[in-house]
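User: I have a structure to go through. Can you take me over the main points?
Analyst: Sure, here is the structure.

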Amino acid sequence: MARIAGINIPQNKLVHIGLTYIYGIGDKFSHQICSSLEIPRAKRVNELTDEEILKIREYIDQNFKVEGDLRRDYSLSIKRLIDLACYRGTRHRKKLPVRGQRTRCNARTRKGKAIAIAGKKLTPTKK
């Protein structure tokens, strides 16, 4: 079982695919890690030796901010925006889209499930 940065990497995946299970390492960085450590593209996680796993761990610790540290930095930057009370911070506080998307329709991912307003029925107009 390969355990890197506190994450259990799946055994039967290719190494560069398995590394993407770590928060903060995507496709680009996983290829960079494999090429700098000279790990073949066709090698699977269960074929890695203990030395190679140790090299990967050390390389990630030296060159990348991953998992808990990255999550902490991300949440601290959002908290900083909220404390500054800037426009982006107020949008974060209200749980609305931050980057200029419209909210009249759509935006359900950010706003959450639609809430029905009680007592709002359409009344027929008198002629």
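**Pocket and two residues**

Analyst: The largest pocket has a volume of about 210 Å³. This is a predicted model, where local features need pLDDT of at least 70, side-chain atom pairs count only at pLDDT 80 or more, and totals for chains, interfaces and linings use all residues. Residues are numbered from 1 along each chain as its sequence is written, and side-chain values use heavy atoms, with hydrogens and water left out.

User: What counts as a pocket?
Analyst: On a 1 Å grid over the protein atoms alone, a pocket is an open set of points where a 1.4 Å probe fits, with protein on both sides within 12 Å along at least five of seven lines; lining residues have an atom within 4 Å of a point. The volume is the space filled by probe spheres set on the points.

User: Which helix gives the most to the lining of the largest pocket?
Analyst: H4, with 4 residues; helices are DSSP runs of H or I, at least four residues.

User: Switching to Arg 91: where is it?
Analyst: Arg 91 is in helix H5, residues 87–93.

User: Which side chain of opposite charge is nearest to Arg 91?
Analyst: Asp 83, 17 Å away. Arg 91 is buried (under 20% relative accessible area, 1.4 Å probe, protein chains only) and has no salt bridge (a side-chain nitrogen of Lys or Arg within 4 Å of a carboxyl oxygen of Asp or Glu).

User: And why does Glu 47 count as partly exposed?
Analyst: Because its relative accessibility is 45%, and partly exposed runs between 20% and 50%.

Terms used
Helices (H or I, at least four residues) and strands (E, at least two) are DSSP runs, numbered from the N terminus. Lys and Arg count as positive and Asp and Glu as negative; His and the chain ends are not counted.
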